[in-house]
Amino acid sequence: FAAQLLATGPNPRRGTKTDNAHPPIYPTKYTNGLQGSEQRVYEYVVRHFLACCSQDAQGQESTVEIELEAGERFSAQGLMIIAKNYLNVFPYDRWSAKTIPTYQLHSTFQPTSIEMMDGQTTHPPLLKEADLIALMEKHGIGTDATHAEHIETIKSRNYVGVLPDGGLVPGELGMGLVEGYDSMGFALSKPHLRAELEADLKRICDGVKVKEEVIQVTLDKYKDVFLNASQQAHKLDEALSKYFGISQPVAPQEVSALGDVVRPCPVCQQCDLVVKKKRDGGFMLSCSGYPNCRAVQFFPGCIASVAVDQSLCDSCQPQPVHKLLMVFKAGQAPPYITAPSVVGCSTCDPLLINDLNIGPIRTTAPPPTVGGARGSQAAAGRGRASATHRGTAQRGTSDPSSATMSLPANSAVCWCDQ
């Protein structure tokens, strides 16, 4: 084949894409001393090189109709290959799954057999790693250097299993995750989000986009998906419970720390203010040194999620003071705020203070020490008040510490500020 190629003149062509990871792979010399996998890889490289220097295959997609004397009509569709060219040396490519002989219009022929066969549709075969790599290339996910790593990841995490023949079978964990994310309305099981990132990375290499722009846009996209998915995490539990059983309920807590440090505590100046979520779903800032320090800042009920932003406030002290990303509940954003979320400092930003009515960081006084067995018992029970002598304590007052100043003896007040 190589001799014929030299006689007719090679016709090399350039590929349509490259990831610039390495130069094209091509044979440098002849050898016949290889065996096994090494021999097969060498043969593939040589045949691929010769095919790239060969002429294109030529063929016609044709429909053949025949009519019998009894009036019965039969038809067939397939590919009529006129010149195989590169296919003669590269058998790994199949131009068509169905080929038919070359026919001429209005010609007659003697059929070898005429059969009417029963059949039914069959399911498609399981994907194999080669099929998965082809789909990743089609959708722009990964490069030649990372395709194998992606496949190993989904296998090691038991998202898929591998049959002895190489077929990939979806695992229960993988199916549960896909169904859970689909129920949230996110196409996380689809390649679009990752493909957009890969395309932007290529645009950086080509000089079309700058790195900082791509980083910010990508972080915003993934952060938005993460925050919304966090609010609907129970849908993952519901989807996975179909395969792993119903999860055991967890005893509710009054507040749960999200572990996101916002700033040093301005009250005790020893610990940090962190984002916490209350049992009723609301959010607040609270000192990590509670109950020794009772610094607190409450956020309005229209907030669906609060996350610490990487940007810092230049005004508040002591530093560092992070701004907060607040996402509104659906349909509950203030009418004069059109964005689904806002970013700002909860201590000094006029938008958060005035428009969202977020109060300042303040400290709630500890429960008063009162005499008598009943008073001690009431003070020890968080969230409970004595059935008698509530005095002037007001439920829902903006500052519980001020209400306690006029409390008579044998009284207690709920410190949840609700």
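Tutor: Let's start with a word we'll need: two residues are in contact when heavy atoms of theirs are within 4.5 Å. Keep in mind, too, that this is a predicted model.

Student: Okay. What share of the contacts with a separation of 6 or more comes from residues 24 or more positions apart?

Tutor: In this protein, that share is 47%. As for the parts list, there are eleven helices and twelve strands.

Student: How many of the residues count as buried?

Tutor: Out of 418 residues, 28% count as buried. Looking from the outside, the protein exposes about 28,300 Å², and 54% of that comes from carbon and sulfur atoms.

Student: Can you show me how to read one helix?

Tutor: Sure, take H6, which covers residues 192–205. You expect a rise of 1.5 Å a residue, so its 14 residues should span 20 Å, and the end C-alpha atoms are indeed 20 Å apart.

Student: Which residues of H6 are buried, and what do they pack against?

Tutor: Ala195, Leu197, Glu198 and Asp200 are the buried ones. The buried residues of H6 pack against helix H7, residues 211–231. Just past the end of H6, you'll find Gly207 with a positive phi of about 80 degrees.

Student: How do people find empty space inside a model?

Tutor: Rolling a probe the size of a water molecule over the atoms shows where empty space is left. Here, one cavity reaches 30 Å³ or more. The largest cavity has a volume of about 50 Å³.

Student: Which residues line the largest cavity?

Tutor: Its lining is made of Leu193, Glu196, Leu197, Asp200, Val217, Thr218, Lys221 and Tyr222. H6 and H7 each give at least two residues to that lining. Two names should ring a bell: Leu197 and Asp200 were on our buried list for H6.

Student: What about the nonpolar cores?

Tutor: The largest one has 17 residues, and those with the most contacts inside it are Val275, Phe299, Val306, Leu324, Met326 and Leu356. Strands S7 (283–287), S9 (303–312) and S10 (322–328) each supply at least two residues of this core. Another core, of seven residues, lies apart from it and includes Leu5, Leu50, Cys53 and Val89.

Student: Which residues does Met326 touch, leaving aside its neighbours within four places in sequence?

Tutor: Met326 is in contact with Phe299, Ile303, Ser305, Val306, Pro340, Ser341, Val342, Leu352, Leu356 and Ile358.

Student: Now the backbone. What should I expect from phi and from peptide bonds?

Tutor: Most residues other than glycine have a negative phi, and most peptide bonds are trans. Now for the exceptions here. A cis peptide bond joins Gln317 and Pro318, with omega about -5 degrees. The bond from Gln319 to Pro320 is cis as well, with omega near 0 degrees. Pro318 is in the loop between S9 and S10, and Pro320 is in the loop between S9 and S10 too.

Student: Where are Asn85 and Asn158 placed?

Tutor: Asn85 is in the loop between strand S2 (73–83) and helix H3 (129–138), and its phi is positive, near 50 degrees. Asn158 is in the loop between helix H4 (147–156) and strand S3 (160–162), with a positive phi near 65 degrees.

Student: Why does Asn85 count as partly exposed, while Asn158 is exposed?

Tutor: Exposed means over 50% relative accessible area, buried means under 20%, and partly exposed is in between. Asn85 has 22% relative accessibility, so it counts as partly exposed. Asn158 has a relative accessible area of 53%, so it is exposed.

Notes
Residues are numbered from 1 along each chain as its sequence is written. This is a predicted model: local features need pLDDT of at least 70, side-chain atom pairs count only at pLDDT 80 or more; totals for chains, interfaces and linings use all residues. Side-chain values use heavy atoms; hydrogens and water are left out. Helices (H or I, at least four residues) and strands (E, at least two) are DSSP runs, numbered from the N terminus. Buried means under 20% relative accessible area, exposed over 50%, partly exposed in between (1.4 Å probe, protein chains only). Accessible areas come from the Shrake-Rupley method with a 1.4 Å probe; for residues, only the protein chains shown count as cover. The expected span of a helix is 1.5 Å times one less than its number of residues. A nonpolar core is a set of buried Ala, Val, Leu, Ile, Met, Phe, Trp, Tyr and Cys residues joined through side-chain atoms within 4.5 Å. On a 1 Å grid over the protein atoms alone, a cavity is a set of points where a 1.4 Å probe fits but cannot get out, and a pocket is an open set with protein on both sides within 12 Å along at least five of seven lines; lining residues have an atom within 4 Å of a point. Grid points are joined across faces, edges and corners, and a volume is the space filled by probe spheres set on the points.
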